[in-house]
Amino acid sequence: MAQPKIGYLIPLNEKLEEDPSVPQIPVFWGLNFIGRNGVSVQEKRLSRKHLALTASPNGSANLVVEGTNPVVINSGNIRKKLYSRENGSISSGDVIELIPGHYFFKYVTLSGSDDGRKAGEGDALGRKRLRQASEANVSETNSKILEVEKKGRVEASSLVSGNAGSSLSKRDSNEEAIRHFRVSNDKLPLTFRLLSVQGLPQWANTSCVSIKDVIQGDILFAVLSNYMVDIDWLLAACPLLAKIPQVLVVHGEGDGTLDHMKRNKPASWVLHKPPLPISFGTHHSKAMLLVYPQGVRIIIHTANLIYVDWNNKSQGLWMQDFPWKERNKPSKGCAFENDLIDYLSALKWPEFSVNLPTLGSFTINSSFFKKFDYRDAEVRLIASVPGYHTGVNLKKWGHMKLRDVLQECTFDPEFQKSPLVYQFSSLGSLDEKWMAELASSMSSGLLEDKTPLGPGEPLIIWPTVEDVRCSLEGYAAGNAIPSPLKNVEKAFLKKYWAKWKASHTGRCRAMPHIKTFARYNGQKLAWFLLTSANLSKAAWGALQKNNSQLMIRSYELGVLFLPFKRCSSGFSCTTTGNTAQVNCESSKNSISQKAELVTLNWQRSTNTVSSYDEVIKLPVPYELPPQPYSSEDVPWSWDRRYNKKDVYGQVWPRHVQLYSNQDS
């Protein structure tokens, strides 16, 4: 039996005038699906069932975004964006943008018209038809309610009460939160930044950076550390690199690409692949050390030196500049310096000499980097180097280094037994014993009374198959999420899976290559780690021999943000007119103030007095707390076949070109 018609979606042009060239879409009582076919366009951003609209006899309607792209509701002067699986309410006169800024439709009900009256009376329809339609839709509506409950988005009653919008008020207040993320240059070392992503709206790239934004100025010498290096793209993307007198590239490339690099590199470049003493290890660290007449710039980031990593994916980057030490006043080292020199020493690159204009001739080895003053470093380094580490070296690398640093820190009581989050782009072969070992390290730390923080329950943020299929790159994005089915489908992992949801940074469709680990309570962070390390024993290390030995296969490097602010002067290697640096002489790595680490979605409470000297916002790209997978979500694994076509009409597996010269 046909359902009664409630109204229409009237197509509008960009001036919000009725567009007669596009057919109107009828809206019937109950559930209506609005999508690509009904709009009569072949726009890939519109799903076939892009929007589920449930209309009531009184003309009010609730909608749920079924597609992967957001929908906008314009009601009076209020413009509200809804993301996938979110819902809201509309009434007659409201305008819907099926894609933000595109495909405008005005919702108009039939109240008062002949058709409207027929919807409620006469011709054997009347109340009987409405009752039958209602009964036919009970199970479907209930399933929607249960699904919304599982997603944790709104209260179940909002679907039928028409008050769904009110349950979104907190989310709306944080919508597009990265738009308001502004950091002055002197505060940059306190936080990190996301890399710019092509194809995102301008607001989503606020305070984000490209490779040219960090490799700039009068660079005398550079160390580029990475796993993958596309030398053709790199020199085209950043021509300044070809003008630097000397560049050391520390890489993890294989023979084919290495041969191409040797043939095409500038003559002054030195290539070095660090030793890998244990099988199946890689040089995975991603960093840049840029030497200037004024000092050195240290950059720790998560992107390979290839096009797709710097343009299409969610990535993170931290940077701080440090001055030369006074030659006649040798200063003591600090924790950051010691960790950096230890790590650089492990790379074992061949020494060579460089002549730095106005500064003289230097031998470039790890000790060269002792010539800079790191006492104002705003982070701690957490590195991994391959080997079997015992004795004093047991706590020097990997998760044991993180454990050691956290054990020296005191945290607020709100973080006692608070949860952990692991987010990364490659999943190793794991077991429950090792997961407990890692969680033990990540749960380290003390309260003010020196009692332990206690264990935290972790969740793993990992893209689903649908996330990859509908991403900016389609299935091609899955090439950079290289985890086989045998690793992903382990039964014990099911309790850990959580969604990649990044609405507030506009990066739901920019698949993550960033790697982050954190302990949090709501929107507050006890600590936060930005790193190259994925979730694997190879990266973090595994304890052996009754916990007396840590075995690590790969090189990794990350920066740990802690709730302390050091007395940084805002020194810059590229800004003229630097003020004289004010050094802190504290023996404890210049810790001088208590700071509060928060996400972009954090909001200051109006009725509490803060005991913190400073609030530091970190642009965590995903939403906290994470949403656990629903029963329909399937974690991505790259060695399965996916026949459902992606946004480009492709299936998986498919050939993906990562280098400018594919023969390399």
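A polar contact, as I use the term here, is a pair of N or O atoms within 3.5 Å, one able to donate a hydrogen and the other to accept it. I am working from a predicted model.

**Entry 1: the annotated sites**

I looked up the UniProt record before anything else. Its unreviewed entry lists Lys286 and Lys515 under "binding site". I then checked how these positions sit relative to one another. They span 230 residues in sequence, yet no two of their C-alpha atoms are more than 11.4 Å apart, so they gather at one spot. I also looked at the pockets, and found Lys515 in the lining of the second largest pocket.

**Entry 2: Lys286**

I located Lys286 in the loop that runs between strand E14 (269-272) and strand E15 (287-291). Is Lys286 buried or exposed? Its relative accessibility is 0%, and buried means under 20%, so I noted Lys286 as buried.

Next I listed what Lys286 is in contact with, leaving aside neighbours within four places in sequence. The list includes Ser225, Asn226 and Tyr227. It also includes the run of Ile299, Ile300, His301, Thr302, Ala303 and Asn304. His513 and Ser532 are on the list as well.

For the side chain of Lys286 I noted one polar partner. A polar atom of that side chain lies 2.8 Å from the backbone oxygen of His284.

**Entry 3: Lys515**

Where is Lys515 placed? I found Lys515 in strand E25, which covers residues 515-521. Lys515 has 0% relative accessibility and therefore counts as buried.

I went through the contacts of Lys515 with residues over four places away in sequence. Among them are His284, Thr302, Gln423, Phe424 and Ser425. Leu529, Leu530, Thr531, Ser532, Ala533 and Asn534 are touched too.

Going back over my notes, I see that Thr302 and Ser532 appear in the contacts of Lys286 and in those of Lys515. His284, whose backbone oxygen I noted beside the Lys286 side chain, is touched by Lys515. The side chain of Lys515 also makes a polar contact with the side chain of Ser425, at 3.1 Å.

**Entry 4: a sheet**

I turned to an open sheet of four strands, which has the order E3-E4-E5-E8 and antiparallel pairing. Strand E3 (30-34) and strand E8 (87-90) stand at the edges with a single partner strand each, so one side of each has no neighbour in the sheet. From one strand to the next the twist averages 25°.

I looked more closely at the E5 and E8 pair. Strand E5 (residues 61-65) runs antiparallel to E8 and is joined to E8 by four bridges. Which residue of E8 stands opposite Leu63? I found Gly88 there.

Notes:
Residues are numbered from 1 along each chain as its sequence is written. This is a predicted model: local features need pLDDT of at least 70, side-chain atom pairs count only at pLDDT 80 or more; totals for chains, interfaces and linings use all residues. Side-chain values use heavy atoms; hydrogens and water are left out. Two strands pair if DSSP finds at least two bridges between them. Helices (H or I, at least four residues) and strands (E, at least two) are DSSP runs, numbered from the N terminus. Axes are lines fitted to C-alpha atoms, for helices over the stretch in contact, and angles run from 0 to 180 degrees between N-to-C directions. UniProt positions are given in the numbering used here, feature names are shortened, and annotations may be inferred rather than shown by experiment. On a 1 Å grid over the protein atoms alone, a cavity is a set of points where a 1.4 Å probe fits but cannot get out, and a pocket is an open set with protein on both sides within 12 Å along at least five of seven lines; lining residues have an atom within 4 Å of a point. Buried means under 20% relative accessible area, exposed over 50%, partly exposed in between (1.4 Å probe, protein chains only). Contact means heavy atoms within 4.5 Å.
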